[in-house]
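User: Hey, I'm new to this one. Can you walk me through it?

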Amino acid sequence: MERPERAAAALGAQPRANGCSGAAHGGLRNGYVRGLPAPDTQINHIVHNGGLYKRPFNEAFEETPMLVAVLTYVGYGVLTLFGYLRDFMRQWKIEKCQNAIEREEQKDFVPLYQDFENFYTRNLYMRIRDTWNRPICSVPGAKVDMMERVSHDYNWTFTYTGRVIKGVINMGSYNYLGFAQNDGTCQQAAAKVLSRYGAGVCSSRQEMGNLDKHEELEKLVARFLGVESAMAYGMGFATNSMNIPALVGKGCLILSDELNHASLVLGARLSGAAIRIFKHNNMQSLEKLLKDAIVHGQPRTRRPWKKILILVEGIYSMEGSIVRLPEVIALKKKYKSYLYLDEAHSIGALGPTGRGVVEYFGLNPEDVDVMMGTFTKSFGAAGGYIGGKKELIDYLRTHSHSAVYATSLSPPVVEQIITSMKCIMGEDGTTFGRECVQQLAENTRYFRRRLKEMGFIIYGNEDSPVVPLMLYMPAKIGAFGREMLKRNIGVVVVGFPATPIIESRARFCLSAAHTKEMLDTALKEINEVGDLLQLKYSRHRLVPLLDRPFDETTYEETED
């Protein structure tokens, strides 16, 4: 596999460092592009790795300004000091203690939970808790209705006013293709199935819960993915957490991206396999771990690993980045390992016909051993699936806890998936599905470009509908969410522990249901709030992903 510099030279380009040209901009130093002359000359991370990529791969993470980083740490430091002070006051009954504590009669017991683990919740999270868990009372479409609530005890409890905030532009739901709706073809088909089959199955697939609709869905999913067979599950999280332990166990090795979803992390831990972490989307880090695993084998015994399984996601929901799938597949083939691809956010949202990250890169589905995805996002439903070889799916039908013990998918939900998937494939006799995929791509590029022009630091790939806008400082997490809701824009703000403590952000999720007028309204308000809270940190100094420092010792391993 050629290095990017060699590939760039073969293409007749100027020398590059991991795909970034530095000749015209003062060169590269410590992985940062310095001295860009103007915003319109912003450098993106473009890789043509030895011809593996059939299209430019534009992905970048801008450097955090030093002053912002320092002020963020200072902000958390001040909050922590005041947290200790308030805990002291609670202990001496000066301040009312409202957090969960052990009962007096159990004071001599071993504590059920560690009190310090709740320190962050008590003293930091509670200050901005009102920006999360907001109840909506409508379909989570392009616009939502939201129940108004107030708190009189600093977010420990909430009281509903009875007022409904109507017409809030929804920039937070994973409704990528706009199928979350209560009218139209999908709703009519689901209602018809509801009247025939009812709402629940009340049994697992291996008992009395295997409907003809389930069989139809799995055949359709296999055709949609281009694989031999597929199996559907009632819950996306359980699809990962219950199937990974069925595929690997003790004596096996899992190589997991450091930013993988909690369901993948839990599945890996439940499997009992050894786990090693590679730096996010960093192929040098992954290849080093693969080499070490083959050369050294298992600890102590030095026997070869029974299996090596690589875990990656299609789109990373917090970073907005897309997996370097061509390179991952090349490494997987080179070192004879297996690949598990989680397409929860990418299926339906990427590719000319919405078939996910495999189609986006123009790859063969057979090169991915386990294709996992969910129906909870692009299809506006619930549940998950796994696709692959028929032997793999037959094995999972009898060995996966999620297949053997869990209740089957609800029939109306199955029909929602079938109808929306046929719409995407064009089998409903219309071009509506294809138009939705194209509209999502257009909305994504437009929204990302406008935010960058405004001066915000935006993470991820230019084709990713997940758009993180960096906030950094803890006080600005709550302030941004509140100010946007005042302007009738619903956004998701994210902080520690879902992100690194210094990388708090607002995360926008684009939808094909968003009109240009909605996006322009949202952008206008974001621009205004950005000026109000001084969020426009961008200096157009980008950190190309592969140029991030890699410490060879930063991996974890779990063993019995």
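Analyst: Sure, we can start with the overall picture and then go through some helices, the cores and a few loop residues. Keep in mind that this is a predicted model.

User: Good to know. How many helices and strands are in the protein?

Analyst: There are 16 helices and 20 strands.

User: And what share of the 560 residues counts as buried?

Analyst: That comes to 53% of them. On contacts, if you take those in the protein with a separation of 6 or more, 70% are between residues 24 or more positions apart.

User: OK, let's talk cores. Which residues touch the most other members in the largest nonpolar core?

Analyst: Those are M171, F447, L451, F480 and F508, in a core of 109 residues. Domain 1 (62-103 + 111-170 + 431-538) and domain 2 (185-425) each give this core at least three residues. Apart from it there's another core, of 23 residues, which includes M231, Y233, A268 and L311.

User: Why would those side chains group like that?

Analyst: As a general matter, nonpolar side chains tend to be buried together in soluble globular proteins.

User: What does F508 touch?

Analyst: Leaving out residues up to four places away in sequence, F508 touches M171, F447, L451, P465, V466, V467, L469, F480, V491 and I526.

User: Switching to helices. What can you tell me about α4?

Analyst: Helix α4 covers residues 185-197, so 13 residues by the count of its DSSP run. From its first C-alpha to its last it reaches 18 Å, close to the 18 Å expected at 1.5 Å a residue.

User: Which residues of α4 are buried?

Analyst: C186, A189, A190 and V193. Looking down the axis of α4, these buried residues fall within an arc of 100 degrees, so they line one face of the helix.

User: Is there a general reason spacing like that works, or why do residues three or four places apart point the same way?

Analyst: An α-helix has 3.6 residues a turn, so residues at that spacing point the same way.

User: And what's exposed on the other side of α4?

Analyst: Q188, K192 and S195 are exposed there. As for the buried residues of α4, what covers them includes α5 (212-225) and α13 (411-425).

User: What follows α4?

Analyst: G198 does, and its phi is positive, near 85 degrees.

User: How about α11, which of its residues are buried?

Analyst: In α11 (residues 390-399), the buried ones are L392, I393 and L396. They cover an arc of only 95 degrees around the axis, which puts them on the same side of α11. The face turned away from that buried side carries the exposed residues E391 and T398.

User: What do the buried residues of α11 pack against?

Analyst: They pack against β8 (229-233), α6 (236-247), β13 (370-374), β14 (384-388) and α12 (401-404).

User: Now the loops. Where is K93, and is it buried or exposed?

Analyst: K93 sits in the loop between α2 (66-91) and α3 (119-123). Its relative accessibility is 73%, so K93 counts as exposed. K93 also has a positive phi of about 65 degrees, although it is not a glycine.

User: Which other residue, not a glycine, has a positive phi, near 60 degrees?

Analyst: N281 has one. You'll find N281 in the loop between β10 (274-278) and α8. With 1% relative accessibility, N281 counts as buried.

User: What's in the loop between α8 (283-296) and β11 (308-313)?

Analyst: Q298 is one of the residues there, and P299 is in that loop too. Q298 has 17% relative accessibility, under the 20% limit, so it counts as buried. P299 is partly exposed, with a relative accessible area of 22%.

User: What is Q298 in contact with?

Analyst: Setting aside neighbours within four places in sequence, Q298 is in contact with G251, R303, P304, W305 and K306. A polar atom of the Q298 side chain lies 3.2 Å from the backbone oxygen of P304.

User: How far is P299 from A274?

Analyst: They're 25 residues apart in sequence and 9.8 Å apart in space, C-alpha to C-alpha.

User: Last thing, which residues does a cis peptide bond join?

Analyst: F496 and P497, with omega about 10 degrees. P497 is in the loop between β18 (492-494) and β19 (504-509).

Technical notes. Residues are numbered from 1 along each chain as its sequence is written. This is a predicted model: local features need pLDDT of at least 70, side-chain atom pairs count only at pLDDT 80 or more; totals for chains, interfaces and linings use all residues. Side-chain values use heavy atoms; hydrogens and water are left out. Helices (H or I, at least four residues) and strands (E, at least two) are DSSP runs, numbered from the N terminus. The expected span of a helix is 1.5 Å times one less than its number of residues. Buried means under 20% relative accessible area, exposed over 50%, partly exposed in between (1.4 Å probe, protein chains only). The arc is that of the directions from the helix axis to the C-beta atoms. Contact means heavy atoms within 4.5 Å. A nonpolar core is a set of buried Ala, Val, Leu, Ile, Met, Phe, Trp, Tyr and Cys residues joined through side-chain atoms within 4.5 Å. Domain bounds come from an automatic or database domain assignment. A polar contact is a pair of N or O atoms within 3.5 Å; within protein, one must be able to donate a hydrogen and the other to accept it, and residues adjacent in sequence count only if both atoms are side-chain atoms.
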